[in-house]
Structures are given as structure tokens and as C-alpha cells.
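These are my notebook entries on one structure, kept in the order in which I looked things up.

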Amino acid sequence: MPGNNALAVNSVVGQHANLEITTHGSDWYYTVCAIMGFATLTFMGLAFTKPQGHRIFHYLTAAITATACIAYFCMGSNLGQVPIQTEFVRPGSRQVGSAGTREIFYVRYIDWFITTPLLLTDLLLTAGIPWPTLLAVIFADIAMIVTGLVGALTQTRYKWGFWTFGMFALFYIIYELVGPARRHASALGDGPSKTFLTCGVLLSFLWFLYPIAWGLSEGGNVIHPDSEAIFYGVLDVIAKPLWGALLIWGHRNITPQQLGINIHDNTNPNNPVSEKGRGPHGAHGGAPDGPATTAGANGTPATAGAGGATV
Ligand code: RET
């Protein structure tokens with residue numbers, strides 16, 4: 001059986017750096033690709049055990065691992081990368097030798113650009129945060145990822161300027177989590193608040209390790225691309241499939257309605273919206289329920305009439 005031939009096959013694609021992953025790095029990236037694929041199938045399988053109106057966290061989390069699965073396929077194949085002149089050449093280093101150019105996986109940032117906003121949405125919906133705050137946090141997150149990418153592609157010491165902007169963005173995100181989001185979550189009661197705390201603490205800890213990995217890899221050129229693969233890979237496996245499993249587990253007894261999320265599902269008899277349609281107002285002989293009918297039924301003013309809710 002032929003082994004992993006990806007590096008040889010794809011050596012014809014694009015330009016290559018002095019310092020690249022070896023077959024070990026490639027094998028590891030493919031392993032993470034498989035873990036992400038398995039997690040995606042599991043989350044989708046679990047989604048189908050729920051009514052459609054209760055699948056939002058399953059779908060969000062499956063989208064995260066599906067995106068990562070493709071990104072890791074790309075990196076395992078030594079694609080989605082570009083050689084960049086390093087700021088620091090380290091002739092005495094056992095890890096990086098005197099390599100002048102290092103391969104930078106820009107595809108990593110495309111993955112994060114898609115997945116980190118989804119991770120934050122997962123967490124902040126659990127806290128029942130007002131949507132304008134969610135948008136502000138996602139903006140900071142996008143700024144963080146883009147500055148990380150531009151910094152990684154920058155060849156001079158100005159790359160650290162971008163890293164610094166990214167750190168400010170990260171601090172803002174963490175501030176929103178430990179302050180406002182935590183208060184909103186605790187107002188929602190035991191279930192949501194416990195799930196938010198577990199996932200929030202883990203996320204805050206993990207996310208601070210990413211800029212350290214960046215400093216040792218794309219930034220400082222201290223560790224070999226194979227070690228970079230392990231560092232980011234381990235972080236991503238914890239931050240995506242494991243974190244996602246914890247979140248979905250936490251949601252087993254929480255309904256979206258409890259979090260203030262309104263999802264219409266007219267085909268599900270257990271959905272409160274359809275139930276109203278079949279409720280006491282159903283006695284109107286199946287006529288389309290409108291606010292006027294509802295109000296006229298027993299002389300009481302219509303509140304959220306069935307007609308209003310099913311529109
Ligand atoms: C960069 C460099 C610029 C400064 C900062 C960074 C932070 C990155 C983070 C990434 C998180 C990724 C996750 C991915 C997958 O699940 C861009 C490395 C602060 C926090 C969680």
C-alpha cells in the first residue's frame with residue numbers, strides 16, 4: 001500500500017518554502033481532518049433526533065467542524081499555503097535551522113474567518129445576549145482573524161503591529177464574555193447559565209493560546225511547521241469538536257424559546273405556535289384565524305392571537 005504521497009504530488013503546485021511540513025505533519029493534519037469529519041456526522045445525526053425548531057446549536061456546531069474538516073484536508077495536502085520570508089532567521093535552531101522562507105497556511109485563517117463567528121454565536125445565543133452585542137463581538141472577532149492573517153503574511157517587524165491589534169480585539173471579546181454575557185446567562189436560570197459558564201471558561205482559556213502559537217510559528221519562526229501543526233491541531237480539536245460536544249450536551253434540556261430565540265415550525269405538533277392553532281380558537285370551524293376573530297370570540301381583547309403567531 002502506498003503511504004502518504006501528498007507532499008510529492010502537490011510539490012508541483014505553487015511555490016514552496018525552505019521550511020515546510022514533513023510527512024509527519026501531513027499525517028497529523030489528515031488525522032485532524034478525519035476527527036472533524038466524524039464530529040460533523042455525529043452532530044448532524046444528533047440534529048435529526050430533534051424537531052427542526054430545536055436544531056440550531058447542532059447545525060451551528062456541525063458547520064464549524066465541517067469547515068475545519070475541509071481546511072485540514074487542504075493543509076494535510078500541503079495546499080492553501082504560501083512561502084513568506086521570515087523576520088528571524090535562526091541558524092543555531094534545531095527546529096527551524098537557517099531557513100529563509102517559511103510556509104504560511106493562509107487557509108487556516110479562512111477556516112477561522114468562518115468558524116470563530118459561529119463559535120461565538122453558539123456561545124452568545126446560549127447567554128441570550130441582545131443581538132447588537134453579538135454583532136459587535138463578531139466584528140471584533142473578524143478584525144482579530146484578519147489582522148492575524150495580514151500579520152502572518154507580513155515579512156517585516158510590522159507583523160507585530162497587526163498582532164497587537166488582534167490582541168486588543170481578543171481582549172474586547174473576552175470582556176464581553178466575562179461581563180455582560182455572563183450576567184445575561186445567569187438571568188436565564190440554571191441550565192443556560194451552567195452551560196454558558198463551562199463553555200465560556202474553556203473558550204476564554206483556549207483562545208489565549210492561539211496568539212502564543214502564532215508568536216512561535218508565523219510570528220517568531222521559533223518552531224518547525226510540524227510542531228505548529230500539532231500546536232494548532234490540538235487547540236482546534238479541543239475548541240471545535242470537544243467544545244461543541246460540551247455545548248450540545250449542555251443544551252439537552254434547554255429549549256430555544258427559553259433563550260428568547262423564536263423559531264417557527266408549523267409542521268411540528270409540539271411547537272407552541274401550531275398548538276395555538278389547534279387550541280380553543282380551533283373551534284372557529286377552521287376559518288383562518290385573524291386577530292379580529294380571536295378578539296371577537298369571547299369579548300376579551302386579543303393578545304398574541306393564533307392568527308398573529310402563525311403569519
Ligand atoms: C491570532 C493572531 C493575532 C492575534 C490573535 C490571534 C487569535 C486567534 C484566535 C483564534 C481562534 C481560533 C479558533 C479556531 C477554531 O476553532 C489571529 C492568532 C489574538 C483566538 C477558536
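**Entry 1: a loop residue, then the whole chain**

I began with Asn-268, which I found in the loop between H9 and helix H10 (272-278). The model I am reading is a predicted one, and I keep that in mind for every entry below. Is Asn-268 buried or exposed? Its relative accessibility is 11%, and because buried means under 20%, I entered Asn-268 as buried. I then looked up a partner far away along the chain: Pro-51 is 217 residues from Asn-268 in sequence, yet the two C-alpha atoms are separated by 7.1 Å.

In the loop between H9 and H10 I also looked up Gly-260. With a relative accessible area of 64%, Gly-260 is exposed, whereas Asn-268 is buried. For Gly-260 I noted a C-alpha separation of 9.7 Å from Thr-126, a residue 134 positions away along the chain.

I next wanted the overall layout, and I counted twelve helices and two strands in the protein. Reading from the N terminus, I wrote the order of elements as α-α-α-β-β-α-α-α-α-α-α-α-α-α, with the two strands following three helices. Of the 311 residues in the protein, 47% are buried. Among contacts with a separation of 6 or more, 73% are between residues 24 or more positions apart. The exposed area of the protein comes to about 15000 Å², and carbon and sulfur atoms supply 68% of that area.

**Entry 2: the ligand and its shell**

Where does the ligand sit? I found it in the largest cavity. I listed 16 residues surrounding the ligand, and the closest of them are Trp-112, Leu-119, Trp-207, Tyr-210 and Lys-240. On its own the ligand has 540 Å² of accessible area, and the protein covers 100% of this.

I then asked which helices supply the shell, and noted that helix H4 (107-126), H5, helix H6 (159-187), helix H8 (209-219) and helix H9 (225-250) each give at least two residues. The most comes from H6, which contributes four residues to the shell. Sorted by class, the shell around the ligand holds eleven nonpolar, three polar and two charged residues.

**Entry 3: two threonines in helices**

I compared notes on two threonines, starting with Thr-147, which lies in helix H5 (residues 131-153). Thr-147 has 15% relative accessibility and therefore counts as buried, the cut-off being under 20%. Leaving aside residues up to four places away in sequence, I found Thr-147 touching Phe-162, Phe-165 and Gly-166.

My other threonine, Thr-31, belongs to helix H2 (residues 23-47). Its relative accessible area is 38%, so I recorded Thr-31 as partly exposed. Thr-31 and Tyr-72 are 41 residues apart in sequence, and I read a C-alpha to C-alpha distance of 8.5 Å between them.

**Entry 4: asparagines in loops**

Near the start of my list of loop asparagines I put Asn-10, which lies in the loop between helix H1 (6-9) and H2. Asn-10 is buried, having a relative accessible area of 14%. Apart from residues up to four places away in sequence, its contacts are His-16, Ser-77 and Leu-79.

Asn-78 came next, in the loop between helix H3 (56-76) and strand S1 (81-85). What is its phi? I read a value near 60°, which is positive in a residue other than glycine. I noted this sign because most residues other than glycine have a negative phi. Asn-78 is also buried, with a relative accessible area of 3%.

I looked up Asn-221 for a similar reading of its backbone, and found a positive phi of about 55° although this residue is not a glycine. Asn-221 lies in the loop between H8 and H9, and both of these helices appear in my list of those supplying the ligand shell. How is Asn-221 classed, buried or exposed? With a relative accessible area of 1%, Asn-221 is buried.

Methods
Residues numbered from 1 in each chain as written. Predicted model: local features only at pLDDT ≥ 70, side-chain atom pairs only at ≥ 80, totals over all residues. Heavy atoms only, no water. Buried < 20%, exposed > 50% of the residue type's maximum accessible area, 1.4 Å probe, protein only. Contact = heavy atoms within 4.5 Å. Areas by Shrake-Rupley, 256 points an atom, 1.4 Å probe, with all protein chains shown as cover. Near = heavy atom within 4 Å. 1 Å grid on protein atoms, 1.4 Å probe; cavity = no way out; pocket = protein on both sides within 12 Å on 5 of 7 lines; lining within 4 Å. Sits in = over half its atoms within 2 Å of the grid points. Nonpolar A, V, L, I, M, F, W, Y, C, P; charged D, E, K, R; others polar.
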